[in-house]
Amino acid sequence: MNAYLEPKHEMVRKLVRQFAETELTKEVIDEIEETHEYPKEIFDKMAKCGFYGMRVPQELGGQGADYRSYVIMAEELARVSVVSNIWATTPNSLAGGPILNEGTDEQKEKYLKPVMNGEMKICFALTEPEAGSDPSGMTTTAVKDGDDYILNGRKCFITMAPIADYAIVFARTNPDPKAREISAFIVDMKLEGVSTGAPEKKMGVIGCPTSDVILNNVRVSKDALLGEEGSGLRNALATLDVGRMACAAQAVGVAEAALEEAIKYSKERKQFGKPLCKHQAIAFMLADMATEVEAMRGLLYQAAWMKDKGSKEVGKFASMAKYYCAEKANEICGKAVQIHGGYGFMKDYKVERFYRDARVMTIYEGTSQVQQMVISRAILK
Ligand SMILES: Cc1cc2nc3c(=O)[nH]c(=O)nc-3n(C[C@H](O)[C@H](O)[C@H](O)COP(=O)(O)OP(=O)(O)OC[C@H]3O[C@@H](n4cnc5c(N)ncnc54)[C@H](O)[C@@H]3O)c2cc1C
C-alpha cells in the first residue's frame, strides 16, 4: 500500500474496481464508442453508488469522502473507462465545486442534491474562443439591469453543455478589461437567449458531449449570482485545483490500464521465436512504464493527502501531479501501442482507445504549459 494511503482508501479502490469491472464491460464500452451515447442505466447506477456526491459533505447529503478516496474513485473508473471517470468526477468538481466553494445555503440545497442524485446536470462554462489558457481575457459580459443581469457571449469546448440543465457561466461584470472583475452565474439552459452549438467531433473521451454555449441577451435574476460580484475567477481557479487532482487520477488510471494490457500482450505475442517480453528492449520499456506509474501515484496521493491535511502548498502539488501524470500517461499509452505493433493501431485492442483518451489530459483543466507556469511561480516567488 502506498504510504499516503490508509486501509479505508484501499477499500474504496476495491469497491470501485468491482463496480467498473462488472458494469463497464467490453460490450458497454464498444456501444459507447459506436453510438457516442452514454448508457442512462450506467449513469443511474453511478448515482446510486454515490459517486456524484463523493466530495459533498454528509450534512448536505453527500459522501463526505476525503480527497484520497475521491482520487482513487477517479483512478479506478479511468482504469476501465476514461469517459465514465468524466461522468463521475464532473458533478464533484466542475459542476459541484463552484457551488460548494461559494454557493448560498439555498443554492447548495437547490443544485447539489439533484446533481448528486443524477437528476440534474450542470456544466462549467469558462473557456471562450479567444480566452483559453488566459481566462482573464474573456469577453462574455454580465451587465446589471435593475435587479437582473443581461449576459452576452460565447463559451466553447464545454463538457456536457448539450445535455446540461444549468451552466455555471463566468462573465465580466466590469467592462474595463483591466479590472479583471469576473463573476459566476448559475444559468438555466432553458432561458430565452441560451443555445448550444453542435456537439464537437472529438478524438477521444467519446460518450460525453462537448459544445459551445451561446448567450444572447440572457436575462438572469440576481439570485443566479454565485458568490460575490468579482469573485468568479477566484472560484474558477479554486475549482480547477481540485479538478486537476481528478485529472491526474484519470491519467494514472489510464496509464495503469495501458501497462496491464502491454504486459499481457507481451507475454502472449511471440516474435523471433520467443514472447515479446523476453526481448530486453520490450522488458525495459515495461520496466520504465511500471516505474513511471508508481511515480505518478506517489505525486497524486501526496497532493490528495496534502489537501486532506489542509496544506497551503496543495495548489503547487496539484499542478505537479496534473502535469506529470498527464504527460506520462501520454508516453505510457504510446509505448503500450508500440508494444502491440500494428494491432495497437486497431480498435479491437483497448490500447487504441487509451491512447486517444489520454491525449486530452495535457490540454484540459489547464494545459501542461499552464501547470508549468503555476509550478514555476510557486518555486520562484
Ligand atoms: C474535450 C475538452 C473538454 C473541455 N471541457 C471544458 C469545460 O467543461 N469547461 C471549460 O471552460 N473549458 C473546457 N475545455 C477547454 C480547455 O480547458 C481549454 O482547451 C484549455 O484551457 C486550453 O485553452 P485553448 O484550447 O484555448 O488553448 P490556448 O490557450 O490557445 O493554448 C494553445 C497552446 O499554447 C500554449 N500556451 C498558451 N499560453 C501560453 C504561455 N503563456 N506560455 C506557453 N505556452 C502557452 C498552451 O499550453 C497550448 O499548448 C475543454 C477542452 C477539451 C478539449
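How many residues of domain 2 are in contact with how many residues of domain 3? The points below take this up, then move to the ligand, two backbone angles and one helix.

1. **Status of the model.** This is a predicted model. Please read each point with that in mind.

2. **Domain layout.** The protein chain falls into three parts: domain 1 (7-116), domain 2 (122-229) and domain 3 (234-380). The C-alpha centres of domain 2 and domain 3 are 31 Å apart.

3. **Where domain 2 meets domain 3.** Here is the reply to the opening query. 10 residues of domain 2 are in contact with eight residues of domain 3. On the domain 2 side, the touching residues are seven nonpolar and three polar, with no charged residue.

4. **Ligand shell: where its residues come from.** The ligand has 21 residues around it. Domain 2 and domain 3 each give at least three residues to this shell. Three elements, β1 (122-125), β3 (148-159) and α12 (368-380), each supply at least two.

5. **Ligand shell: nearest residues and make-up.** Leu126, Gly132, Ser133, Thr367 and Gln369 come nearest to the ligand. By class, the shell has 12 nonpolar residues, seven polar ones and two charged ones.

6. **Backbone at His36.** His36 is not a glycine, yet its phi is positive, at about 65 degrees. His36 sits in the loop between α2 (26-35) and α3 (40-48). Is the residue buried, exposed or partly exposed? His36 is partly exposed, because 15 other C-beta atoms lie within 10 Å; the buried class needs 20 or more.

7. **Backbone at Phe157.** Phe157 also has a positive phi, near 60 degrees, and is likewise a residue other than glycine. Phe157 belongs to strand β3. β3 is one of the elements that supply the ligand shell. Phe157 has 20 other C-beta atoms within 10 Å, so this residue is buried. The cut-off for buried is 20 or more.

8. **Length of helix α6.** What should the 12 residues of helix α6 (residues 91-102) span at 1.5 Å a residue? The expected span is 16 Å, taking 1.5 Å times one less than the number of residues. The end C-alpha atoms of α6 are 16 Å apart, so the two values agree.

9. **Cover of helix α6.** α6 is mostly covered, with 10 of its 12 residues buried. The buried residues are Pro91, Asn92, Ser93, Leu94, Ala95, Gly96, Gly97, Pro98, Ile99 and Leu100.

Methods:
Residues numbered from 1 in each chain as written. Predicted model: local features only at pLDDT ≥ 70, side-chain atom pairs only at ≥ 80, totals over all residues. Near = placed C-beta within 6 Å. Helix = DSSP H or I, 4+ residues; strand = E, 2+ residues; numbered from the N terminus. Nonpolar A, V, L, I, M, F, W, Y, C, P; charged D, E, K, R; others polar. Domains from an automatic or database assignment. Contact = placed C-beta atoms within 7 Å.
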